[in-house]
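Trainee: I should like to take a close look at one part of this model, namely its nonpolar core. Could you describe that part, and then the places around it, in one connected account?

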Amino acid sequence: MRKHSPSVVFRFLLSLSVSLLGGIAFTAIHTPIPWLLGPMVFMLLGAQVFKLPLMWPSSVRDYGILIVGYSIGLTLTEDALIGIMHQLPMMLLMTLLLIGFCTLTAYLASKLTPFDFPSLLVGSIPGGLSQMVSLAEEMKSINLTLVTFLQVTRLIMIVFCVPFLLFSPWVGGASVVGTDLVLGTSALWTALFPEIWIYAPLCVIGAWIARKLRFPTAFMLGPMIVMCVIQLTTSMHTPALPSSVLNLSQLMIGSHVGLMLRPEQLQRKTQTVTLALLSSALLIAGSLGLGYILMHVYSLSAATSLLSMAPGGMDQMSIMAHEVHANLSVVSGYQLFRILFIFFIVSSVLKIVLTRLLRQKEDNSESCSRTPN
């Protein structure tokens with residue numbers, strides 16, 4: 001008899017149940033950001049270990065990111081924007097240092113492993129998962145599976161490791177909480193109305209316009225801009241979100257991240273997994289060092305500095321900043337600057353450089369084939 005595959009509705013409800021179970025379990029054992037890490041880990045285990053037919057639509061993840069974008073937009077006051085403008089030179093310097101560190105790591109890995117430098121380089125650039133995967137798709141000679149696996153492994157390791165680093169003795173433990181407090185305690189549901197009936201559609205429209213304009217992380221950047229403009233140009237009340245809504249956004253994002261890792265698609269699995277873990281660990285260590293410099297230059301808290309430099313997704317780092325009461329406007333400023341820099345500059349430069357490298361490689365191969373024995 002022909003086996004019928006589970007329906008989309010069943011798979012989504014099963015995935016939602018697994019995610020909720022993960023959030024509840026991680027809340028019970030008091031882990032940092034339980035509603036991000038719990039769904040991520042349980043979805044990863046459910047798909048890879050227990051082989052459950054899980055699925056999580058990217059549209060659900062997008063609306064989770066939209067919620068985070070709204071929260072970040074609330075922190076972008078006039079004073080916060082002036083502070084960000086003053087730090088633009090440091091943002092550029094730190095971004096260049098981080099990208100330089102990634103380039104060096106990729107070059108060394110290409111000498112120690114059978115993988116080629118262009119693929120390793122595209123797989124190592126932080127903060128631009130979708131951009132780097134798109135770039136790999138455009139360039140036929142780049143190993144797309146390797147690039148995707150390196151990028152996803154880095155993201156998952158950072159999302160999992162950074163919260164524990166924030167509460168570790170190396171960073172400062174409990175002292176990281178509250179030193180650059182920007183967001184207070186979350187609001188009550190009653191405080192959202194009636195303004196939220198205006199802001200919610202505006203944020204969705206902002207995300208849609210940003211997507212049409214091909215902005216990076218459109219579902220975050222659109223609502224951020226909308227709420228920032230509202231705060232700067234009007235005197236309307238802009239309410240903070242209840243903790244339950246923020247927890248829901250974490251679940252929507254974490255569930256999607258947990259399903260991104262697919263080791264079954266890899267060739268040379270042991271070498272690739274080892275490389276991905278080591279390069280991610282080196283990148284986390286490098287971001288710790290840069291965060292230490294940033295902390296002393298601007299007298300920021302350890303949490304704000306680490307999250308500003310952590311090479312993860314802007315949505316995940318912003319969630320963590322909210323959870324530990326770091327300076328969310330500074331964290332989002334550094335993360336947004338790096339995303340835009342990678343999107344508009346690094347991607348174009350990489351495409352030119354890698355095209356030349358691959359062309360040289362092809363020319364060398366042709367010349368070798370023509371050389372008589």
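Mentor: A nonpolar core is a set of buried Ala, Val, Leu, Ile, Met, Phe, Trp, Tyr and Cys residues joined through side-chain atoms within 4.5 Å. Please keep in mind that the model is predicted. With that term in hand, we may turn to the core itself. The largest nonpolar core holds 108 residues, and Leu307 and Met320 have the most contacts inside it. Helix 8, which spans residues 144-166, gives the most to this core, with 13 residues.

Met320 deserves a closer look. When its neighbours within four places in sequence are left aside, Met320 is in contact with Leu307. Its other partners are Ile33, Leu36, Ile158, Val159, Val162, Pro163 and Leu166.

Let us next consider how two helices pack. Helix 1 (residues 8-28) and helix 2 (residues 34-48) meet at an angle of about 130 degrees, and their axes are 7 Å apart. Helix 1 is therefore oblique to helix 2. The crossing of helix 1 past helix 2 is right-handed. On the side of helix 1, the residues that make the contact include Val18, Leu21, Gly22, Ile24 and Phe26, while helix 2 contributes, among them, Trp35, Leu37, Val41 and Phe42. Sorted by class, this contact of helix 1 with helix 2 comprises 13 nonpolar and 6 polar residues, with no charged ones.

After helix 2 comes a loop that leads to helix 3 (58-75), and Lys51 is found in that loop. Although Lys51 is not a glycine, its phi is positive, at about 55 degrees. Is Lys51 buried or exposed? Its relative accessibility is 60%, so Lys51 counts as exposed, the cut-off being over 50%.

Another loop, between helix 12 and helix 13 (302-309), contains Ser299. Ser299 is a residue other than glycine, and its phi is likewise positive, near 55 degrees. With 63% relative accessibility, Ser299 counts as exposed.

Finally, consider Tyr298, which is found in helix 12 (residues 269-298). Tyr298 has a relative accessible area of 30% and is therefore partly exposed. Where sequence is concerned, Tyr298 and Gln87 are 211 residues apart, yet in space they are 8.9 Å apart from C-alpha to C-alpha. Leaving aside neighbours within four places in sequence, Tyr298 is in contact with Gln87, and also with His86, Met90 and Tyr334.

Note on methods: Residues numbered from 1 in each chain as written. Predicted model: local features only at pLDDT ≥ 70, side-chain atom pairs only at ≥ 80, totals over all residues. Heavy atoms only, no water. Buried < 20%, exposed > 50% of the residue type's maximum accessible area, 1.4 Å probe, protein only. Helix = DSSP H or I, 4+ residues; strand = E, 2+ residues; numbered from the N terminus. Contact = heavy atoms within 4.5 Å. Axes fitted to C-alpha atoms, helices over the stretch in contact; angles between N-to-C directions. Parallel < 35°, antiparallel > 145°, perpendicular 65-115°, else oblique. Left-handed = near helix turned anticlockwise from the far one by under 90°. Nonpolar A, V, L, I, M, F, W, Y, C, P; charged D, E, K, R; others polar.
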